[in-house]
Amino acid sequence: MDERAAKWRLLGPGLVVAATGVGAGDLVATLIAGARYGDALLWAAIAGAVVKLAMAEGVGRFTLATGRTLYDGWRGLPGGFGRVAAAYFGLYLVIWGFVYGAAGMTATALPLATLAAPLGLEPDLAAWAMLVGPLAALITWFGGYKMVEWIIGWLVAIMFVTVVGLAVLVAPDIGQTLRGLVPLVPEGAGVYALGLIGGVGGTVTVAAYGYWIAAKGWTGPEWMEVMRLDNRVAYAATGVFVVAMLIVGAELLHAAGIALERGDRGLLDLGEVLSERFGPAVATVFLIGFLATAFSSVLGVWQGVSLMFADFYAHLLGRAGDPAVTGDRSLAARAYMLWLTFPPMLLLMLDRPFALIVAYGVLGAVFMPFLAGTLLWLLNSEATPKPWRNGWVSNGLLATAALMFLVLAGIEVAGLFS
């Protein structure tokens, strides 16, 4: 086996971070953008993949160049910023996990319940959701990173074949589609363009990339070239995936003037449209792709964000870097898996408390500008060895991301109180 083939066989963490970051809500947002504006925002979908690639590459480069986790980097920020960053991140993980646990389980339960209905299996949605969380916890608890990577690899294959196949099936006008590469913003499409750039491809899970690199066994700058290949392949696949969904929205929904429901249920609306136009078999295949998309996000969060929490907890104990405290079989990581799984079931049975949702929305809106800004800081300072600091391309992309995410944060926070 030659050296290039050997590198390709090593890939994996990038696929996990990219698949985890593309959830059912992202698919709906992309479909709605295509349904409203046709192919005009194709450029924004591609720009989103490039921005997330730059951020994940920065996370991976910092991890490999310094041997430190990103959280450790935040803790080391000078002038009191480290303490603020550490406190913010810990609070965010606790609230985010509680709300995301319910959202992730529900998103996966939607296609499960729809696929099971013709078989006569019709418990309510909450019952299906309550099966999803424990299944993800069992896989991550006993299988660890290696098992999660293997399963997500198969789920990504299903997602890719399903969505790209659907884009081919709707027979796009190639000339019209390519015109969407020109970076123009139709009237009223500014928020949608920003959403496509900033919303698809992960939020907190981008920061988990460094933890998955460590779980894969990549340590030291000698893995830098493999990490970059891994990252580029993963976000190229993400770009193709998102472009395919935009094409589906443009070709199937835009011309017909069909509007989807917002949120994960919008994908069920699309399933009905597909059934009417192409038959129930195509709709069933799409629902399987929807299921693969949703469950890959759940698995990635249950494994990767638990590693991040374990690192946070290890720093509280003064045992940073101790594998007994920070590994995916550690008490803290497993406790967080349980936190993601069982307390959120209360939200499946009750209306979500307004104050909790506001806190979740505010903390979540701030996270991406926080991540982009701190990466700029860390990768241009003595925290990173000089050969691995940012160049002008990385600085430009991260600065653009930070400004764009600040705008998105303002829009999202304003929407919470409107």
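Okay, let's start at Arg68, which makes a salt bridge with Asp72, and the closest N and O atoms there are 2.8 Å apart. Keep in mind as we go that this is a predicted model. So how covered are these two? Arg68 has a relative accessible area of 24%, so we call it partly exposed. Asp72 comes out at 22%, and that makes it partly exposed as well. The cut-off for buried is under 20%.

How many salt bridges does the structure hold? Five. Let me walk you through two more of them.

Find helix α4, residues 42-66, and look for Glu57 and Arg61, which sit four residues apart, about one turn of the helix. Their side chains meet in a salt bridge, at 3.0 Å from N to O. Now, buried or exposed, what would you say for Arg61? Buried: its relative accessibility is just 2%. Glu57 is at 11%, so that one counts as buried too.

Glu57 has another partner, though. Its side chain also meets that of Arg228 in a salt bridge, again listed at 3.0 Å, N to O. What I'd point out here is that this pair links distant parts of the chain, with Glu57 in helix α4 and Arg228 in helix α12, 171 residues apart. Arg228 is at 26% relative accessibility, so it counts as partly exposed. Put those together and you get a network of salt bridges linking Glu57, Arg61 and Arg228. As a general point, side chains of opposite charge can pair when their charged atoms come close.

Staying with α4, let's go to the surface. Which residues make the nonpolar surface patch of about 430 Å²? They are Ile46, Val50, Ile174, Leu178 and Leu181. Two elements, α4 and α8 (174-179), each give two or more residues to that patch. Ile46 is the one to click on: you'll find it in helix α4, and with a relative accessible area of 36% it is partly exposed.

Now for the inside. The largest nonpolar core has 137 residues, and the ones touching the most other members are Leu41, Met55, Trp74, Phe367 and Leu371. Take Met55 and leave aside its neighbours within four places in sequence. It is in contact with Val206, Met368, Leu371, Ala372, Leu375, Leu398, Ala401 and Phe405. Notice that Leu371 turns up in that contact list and also among the core residues I just named.

Next, helix α2, residues 13-21. This helix is mostly covered, with eight of its nine residues buried. Which ones? Pro13, Gly14, Val16, Val17, Ala18, Ala19, Thr20 and Gly21. And what do those buried residues pack against? Quite a list: α3 (24-37), α7 (125-169), α10 (204-207), α11 (209-216), α12 (224-254) and α14.

That last one, α14, brings me to my final stop. Ser296 lies in this helix, which covers residues 280-317. Ser296 has a relative accessible area of 0%, so it is buried. Which residues does Ser296 touch, not counting those up to four places away in sequence? Ala19, Thr20, Ile152, Leu155 and Met159. Ala19 and Thr20 should sound familiar, as both are on the list of buried α2 residues.

So if you open the model yourself, try going from the Glu57, Arg61 and Arg228 network over to Ser296 in α14. That's my tour, thanks.

Definitions and conventions
Residues numbered from 1 in each chain as written. Predicted model: local features only at pLDDT ≥ 70, side-chain atom pairs only at ≥ 80, totals over all residues. Heavy atoms only, no water. Buried < 20%, exposed > 50% of the residue type's maximum accessible area, 1.4 Å probe, protein only. Contact = heavy atoms within 4.5 Å. Core = buried A, V, L, I, M, F, W, Y, C linked by side-chain atoms within 4.5 Å. Salt bridge = Lys/Arg side-chain N within 4 Å of Asp/Glu carboxyl O. Patch = residues over 30% accessible without salt bridge, like charges linked within 9 Å, V, L, I, M, F, W, Y side chains within 5 Å. Areas by Shrake-Rupley, 256 points an atom, 1.4 Å probe, with all protein chains shown as cover.
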